[in-house]
Amino acid sequence: MNKIKNSFDSLALSAFQKEINDVFTFISRLWIVDKNGNMRRLIITSEQRLVIEALLLGYNVVVLKARQLGITTIVRAFHFWKAYTAKSPIKCVVVSHKQDSADEITLKDFTFYDKLPTVLRKPLKKRTSSGLKFMYSHAAISSHTAGGHGGLRSFSVTDLHITELCFFEDPDELLATALAALNGGQAIIESTAKSYGDPMHRLVDKIQRNELQGNWKLLFFPWQDHLEYSCKEVPPDFVRTAEENRLASLYDLNDNQILWRRLKIQEIGLVKFNTEYPACLDDVFAQKGDCYYSNNDIENLEVFSLPANVEEHYIENSSEKDLYGIGVDVASGRGRDYSVITVLSKTTCNPVYIYRSKEITPPLLALKIQHISIEYNNALVLIEENNWGLPVLNELKNLSFTNLWKDTNGSNWVTTMKSKLTLHEELKEAIRKGTIKILDYVTVSELKALVLNDKGLAPEAVRGSTGHGDNVISLGLAFQCLKSVKEPETVYQKFKKMNAMHSFQKKSNPFGSGITRKF
C-alpha cells in the first residue's frame with residue numbers, strides 16, 4: 001500500500017486536475033522521441049489540433065495525409081489521455097500493418113507514461129509488450145497487428161485507431177472486423193494513399209457519398225499547409241516553370257515551397273510525389289491513363305452533395321414553363337446495384353430530381369416512375385429493354401402508362417455495344433461543352449471511375465471503385481430521352497409566332513388591312 005502511495009499520491013494529484021482534464025495541456029506535458037532521435041516535449045501542430053478537436057466532438061475520423069505529419073503520434077497521445085483519465089475499463093486500441101510498427105507505437109505509450117512527473121504517474125495494473133492497463137479504472141491502451149485475419153475478432157474495443165490502412169494485406173477484411181469489434185465506439189483511420197480505387201480512396205469516396213453509417217468526418221492535410229515542407233533559401237537565379245506558376249497561383253505557394261516541391265519531385269518522381277504529398281484530393285486519387293471521362297472533360301462541372309441516407313432528392317421542383325426527360329437504370333432490388341431515376345430539365349439540361357435505391361423491386365419502381373413522370377409535367381421516360389428493364393416496362397404497360405421513349409421504329413431502347421458507346425460519347429460531349437453544367441458528387445465519382453474495357457471500347461467501372469456506374473447510365477439515358485422532348489416555348493417565342501401568324505393573315509388578305517371580304 002505504501003508502495004502505491006509513494007508512486008501515486010491522490011492528494012498531490014488533485015492539484016494538477018485542471019491540467020489533466022484539459023487534453024491540450026496534458027498532451028503538451030508528454031514526451032516523444034522525434035525523427036532525429038531526440039527526446040522532447042510534444043508540441044501540437046495545427047493539423048494535430050484539428051484531429052483532436054474532431055475526436056473531442058465525437059466524430060469517427062478519416063485522415064488523408066501527407067507523409068510525416070505526426071498524425072499517428074497525436075492520436076496515440078489522445079488515446080493515452082483518454083485511458084489515463086477514464087473512470088471505466090475502456091480499451092483504446094491501435095492496429096498497425098507490421099509488428100515493428102506496432103512495437104514502435106507501444107514504445108510511445110511507455111515514453112508517455114515513464115516521462116510523466118512522478119506525482120502524475122497513476123499506478124498500473126499491468127504492463128505488457130503490447131501496452132498498459134491502469135490500476136483503478138482498468139482502462140487499457142494497446143497496440144496490435146492485423147495478423148492477416150482481421151486481428152480483432154476475439155475482443156471488443158471502445159476507441160479504435162487504424163494506421164496506414166492502405167498497406168494492410170486485406171484492408172477490407174480488417175475494416176469489417178475492426179468496425180464490428182468497435183461496437184458503437186469511436187474510430188479514427190489514417191493513411192497516406194496509394195492509388196485510385198485503393199482502400200483509402202474507397203473509404204473517402206463513401207464518406208463523400210454519405211454512404212458510411214455513423215458520424216464520420218474527413219480530414220485532408222495537403223503538403224502546402226505544412227510549414228516544414230519549404231526550403232529555407234532560394235537561389236537568386238531561381239525561375240518558375242509555367243506549371244509551377246499555375247500551382248503557385250492555385251494554392252498560394254511561395255518560391256520556398258515551389259523549390260521544395262521541385263527538389264522532392266526530382267528525388268521521388270511526380271506520381272509518387274502526388275500520392276505522398278498531395279495538394280488536393282485529385283492529386284491523391286489521380287485517374288488512370290485509360291479513363292473514359294478525363295479531368296479535362298469534367299473540369300468545368302459544378303459538383304454538389306446530396307443528403308445522406310435519403311433515396312429521393314428534389315433538386316428543383318417541377319415548373320409549368322419547363323419540360324423534362326427521364327432516364328431509368330433498373331436493378332433487381334436485391335441490395336447490390338442501385339435502381340436510379342434521373343430527371344433532366346429541357347431548359348437547362350441539368351438534373352432536377354434523382355432517386356436511388358438498392359431495395360426497390362421492379363413493380364414498385366414502375367409505380368415510382370409513373371408518379372415522377374406525372375409530377376414533372378408528364379415527362380417522357382426512357383428505360384432500356386434489357387435485363388431488369390423488361391419487367392418494369394411490362395408493369396408500366398399494366399398500369400396503362402404510355403409516355404415512353406421509342407426510337408424511329410417504335411422500339412424501346414436496347415443496350416448494345418453500339419448504343420452504349422453512343423450514350424457515353426454524347427454524354428461526355430454534353431458535359432465537356434457545358435450543356436450539362438451541374439452534377440451530384442456520386443455521379444461525378446462514377447464518371448471518374450469509368451475506364452475503357454480490355455478492347456478499348458465501351459467504358460466499365462475500374463476495379464476497386466465504389467460505384468458501378470448506375471447514376472451515369474441513368475443520366476445518359478435521360479439525356480438521350482431529352483433529345484426527343486421538344487423545347488418549351490418562351491413568351492418571346494410565342495409572341496414571335498403570333499406576330500408571324502398575324503403578318504401571314506395580312507399578306508393573305510387581298511383587300512388589305514382592316515377589310516374583310518363578304519360572301
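This dialogue reads the empty spaces of a predicted model.

Student: Where do I start with empty space?

Tutor: Rolling a probe the size of a water molecule over the atoms shows where empty space is left. Here, the largest pocket has a volume of about 1400 Å³.

Student: How many residues line the largest pocket, and which lie nearest its centre?

Tutor: The lining has 40 residues. Nearest the centre are Lys-35, Gln-68, Gly-70, Thr-73 and Lys-108.

Student: Which helices and strands each supply at least two residues of that lining?

Tutor: One strand and some helices do: β1 (31-33), α5 (46-56), α6 (71-85) and α7 (99-114). The largest share comes from α7, with eight residues.

Student: How does the lining of the largest pocket divide by class?

Tutor: Count 15 polar, 13 charged and 12 nonpolar residues.

Student: Now the enclosed space. How many cavities of 30 Å³ or more does the structure hold?

Tutor: One. A cavity is a space where the probe fits but cannot get out. The largest cavity offers about 40 Å³.

Student: Which residues line the largest cavity?

Tutor: Look for Thr-342, Pro-351, Ile-354, Leu-439, Asp-440, Thr-443, Asn-471 and Leu-475.

Student: Which elements each supply at least two residues of the cavity lining?

Tutor: Two strands, β15 (351-357) and β17 (438-440), and the helix α19 (470-482).

Student: And what classes make up the lining of the largest cavity?

Tutor: Four residues are nonpolar, three are polar and one is charged. The charged residue is Asp-440.

Technical notes
Residues are numbered from 1 along each chain as its sequence is written. This is a predicted model: local features need pLDDT of at least 70, side-chain atom pairs count only at pLDDT 80 or more; totals for chains, interfaces and linings use all residues. Side-chain values use heavy atoms; hydrogens and water are left out. On a 1 Å grid over the protein atoms alone, a cavity is a set of points where a 1.4 Å probe fits but cannot get out, and a pocket is an open set with protein on both sides within 12 Å along at least five of seven lines; lining residues have an atom within 4 Å of a point. Grid points are joined across faces, edges and corners, and a volume is the space filled by probe spheres set on the points. Helices (H or I, at least four residues) and strands (E, at least two) are DSSP runs, numbered from the N terminus.
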